[in-house]
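Trainee: Please walk me through one part of this model in detail. Set it in the whole chain first.

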Amino acid sequence: MSDGLVIAVDGPAASGKGTVAARLGAAYGLPVLDTGLLYRAAGVSASRAGVDPDDPAAAAAAARAIDLMALDDPAFRTREAGELASRVAVHPQVRAALYAAQVDFARRPGGAVLDGRDIGTVIAPWAPAKLFVTARPEVRAERRWRQLTAQGESVSLDEVLEDIRRRDSRDGGRVDAPMAQAPDAVLLDTSEMTIDHAADAARRIVEAARAGWA
Ligand code: C5P
């Protein structure tokens, strides 16, 4: 538990959850952890070490070795890093290696915002405010495609849609901590929303949760 406001923001790739989490962090003056970066760092470090990301023990060793202070590496934002992340994220040993850092962050005395796939279900099931942010796959693919091409990656919209569908199915179908909406999370579908609209809607959800919690 934590005495502060803890906000869990889960959802699939490119749903807008990262932006929503950042806006909520700014609005409430809370630190934000993008937990996807931990899995991206683990996947990229496995690949850099030349180990197979599908080998649970090797991937867990890579996850244990990541530097939590160096999560701003642009290499973690690539299409390849997203795919590597979702492959290493299926291993329970990898999830266990990254568990304590996330729980410690969630338990910060002043509160925190965490975004990921299993924050409301596994990392901070006790969080007083939980959102599950989603959008139609075609909308998410277009958002991600714009991001990737702006970063200089050469990829087609169809390929990104395929990536998104593959990751949704892998993340939602894995045995350990599958991506799931917690029973007490509020669904926010951003398909037809601008960033400002989604951020306002998220804020209202948190305010309603706080009113019930106080
Ligand atoms: O959110 P992002 O796209 O950066 O996450 C990359 C991958 O990391 C996801 O597809 C998922 O497999 C994994 N992940 C996870 N649990 C989290 C955050 C991310 O399994 N809490």
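**Helix α1 in its chain**

Mentor: Buried residues make up 48% of the chain's 214 residues (buried: under 20% relative accessible area, 1.4 Å probe, protein chains only). The model is predicted, so local features need pLDDT of at least 70 and side-chain atom pairs pLDDT 80 or more, while totals for chains, interfaces and linings use all residues. Numbering starts from 1 along each chain as its sequence is written, and side-chain values use heavy atoms, without hydrogens or water.

Now the frame. The chain holds nine helices and five strands (DSSP runs numbered from the N terminus: H or I, at least four residues; E, at least two). From the N terminus, the order is β-α-β-α-α-α-α-β-α-β-α-α-β-α. The radius of gyration is 16 Å, close to the 17 Å of the globule rule for 214 residues, so the chain is as compact as a globular protein of that length (C-alpha atoms; rule: 2.2 Å times the number of residues to the power 0.38). The C-alpha trace spans about 50 × 35 × 30 Å along its principal axes.

Zoom in on α1. This helix covers residues 17–28, 12 in number. From first C-alpha to last, α1 reaches 16 Å, close to the 16 Å expected at 1.5 Å a residue (1.5 Å times one less than the residue count). Its buried residues are Lys17, Val20, Ala21, Leu24, Gly25 and Tyr28. Viewed down the axis of α1, they fall within an arc of 135°, so they line one face of the helix (directions from the axis to the C-beta atoms). After α1 comes Gly29. The phi of Gly29 is positive, near 65°.

Technical notes. Buried means under 20% relative accessible area, exposed over 50%, partly exposed in between (1.4 Å probe, protein chains only).
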